[in-house]
Amino acid sequence: MAHNHPVKNPEAILAHSGLRKTALRTQVLQLFLEQENALSSHQLEDLLREVDRVTLYRTLRTFEQKGIIHQAIDGAPGAKYALCHGNCGEKGHHDHHAHFHCNRCGKTICMDDIHQPDFKMPPGFELHSSHLALQGVCDQCARS
Ligand SMILES: [Zn+2]
Ligand SMILES: [Zn+2]
Ligand SMILES: [Zn+2]
């Protein structure tokens, strides 16, 4: 379930999104490119070590606004983020896949091939967002 971002390096992603290159932005993107699972801001803080929390949050918000990362809503507490696939942008996100949370190892994974249904809303209802959050045991944990 690896992410197949069309652009594989942080510099190109930043340039593509019209963002100035900074050390932190590059580092954060590198981490997202290396991970197959979603990352929480907590995990990012650990991986980056001496990072200013406010700057990190601002960076994540900017990336989300630019369509670089999306929130992986998995029904478990704590915001997690994962890389978008390239058809997201400033105008909006199109990450309509499910997110799977492993109850054993705590990993959250984008299920790129599992899509949300097209909800038929009752008359008068306007749907603004929906999330397909799956929980269970991941393939690695199930094997061990
Ligand atoms: Zn997206
Ligand atoms: Zn697991
Ligand atoms: Zn996702």
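Start at the turn: select Gly106, which sits in the hairpin of strand 4 and strand 5 and takes a positive phi near 80°. That hairpin has 5 residues between its strands. Keep in mind that you're looking at a predicted model.

**Along the hairpin**

Now pick out strand 4, residues 97–102, together with strand 5, residues 108–115. The two run antiparallel and are joined by 5 bridges. For one of these pairings, click on Ala98 and look across to Met111, its bridge partner in strand 5.

**The sheet**

Add strand 6, residues 133–136. What order do the strands of this open sheet take? Reading across, you get 5-4-6, a sheet of 3 strands with mixed pairing. Strand 5 and strand 6 are the edges, each pairing on one side only. Turn the view and you'll find neighbouring strands rotated by 30° against each other on average, ignoring direction.

Strand 4 and strand 6 run parallel, with 4 bridges between them. Select Cys102 and its partner Gly136 to see where strand 6 comes in. While strand 4 is still highlighted, colour by accessibility: is the strand covered or open? Mostly covered, with 6 of its 6 residues buried.

**The zinc site**

Next, centre on the zinc ion (ligand 1). Which protein atoms hold it? Show Cys84 (SG), Cys88 (SG), His93 (ND1) and Asp95 (OD); these donors lie 1.9 to 2.3 Å from the metal. Measure the angles in your viewer if you like: the 4 donor atoms subtend 100 to 119° around the zinc ion, so the arrangement is tetrahedral. Along the chain, the donors follow the spacing C-x3-C-x4-H-x1-D. Two of them, Cys88 and Asp95, are buried.

**The largest core**

Move on to the largest nonpolar core, which has 18 residues. Those with the most contacts inside it are Val28, Phe32, Leu44, Leu60, Phe63, Ile68 and Ile69. To see the elements that feed it, show helix 1 (10–16), helix 2 (23–34), helix 3 (41–48), helix 4 (53–65) and strand 3 (80–83); each supplies at least two residues. Helix 2 gives the largest share, 5 residues.

Zoom in on Leu60. What does it touch, leaving aside its neighbours within four places in sequence? Its contacts are Val28, Phe32, Ser41, Leu44, Ile69 and Tyr81.

**Last stop**

Apart from that core lies another, of 7 residues. Select Ala98, Cys102, Ile109 and Cys138, which are among them. Ala98 and Cys102 should be familiar from the sheet: Ala98 is the residue bridged to Met111, and Cys102 is the one bridged to Gly136.

Definitions and conventions:
Residues numbered from 1 in each chain as written. Chains lettered and ligands numbered in written order. Predicted model: local features only at pLDDT ≥ 70, side-chain atom pairs only at ≥ 80, totals over all residues. Heavy atoms only, no water. Donors = N, O, S within 2.8 Å, 3.2 Å for Na, K, Ca; no water. Tetrahedral: all angles 85-135°; square planar, octahedral: opposite > 155°, others 65-115°. Buried < 20%, exposed > 50% of the residue type's maximum accessible area, 1.4 Å probe, protein only. Pairing = 2+ DSSP bridges. Axes fitted to C-alpha atoms, helices over the stretch in contact; angles between N-to-C directions. Core = buried A, V, L, I, M, F, W, Y, C linked by side-chain atoms within 4.5 Å. Contact = heavy atoms within 4.5 Å.
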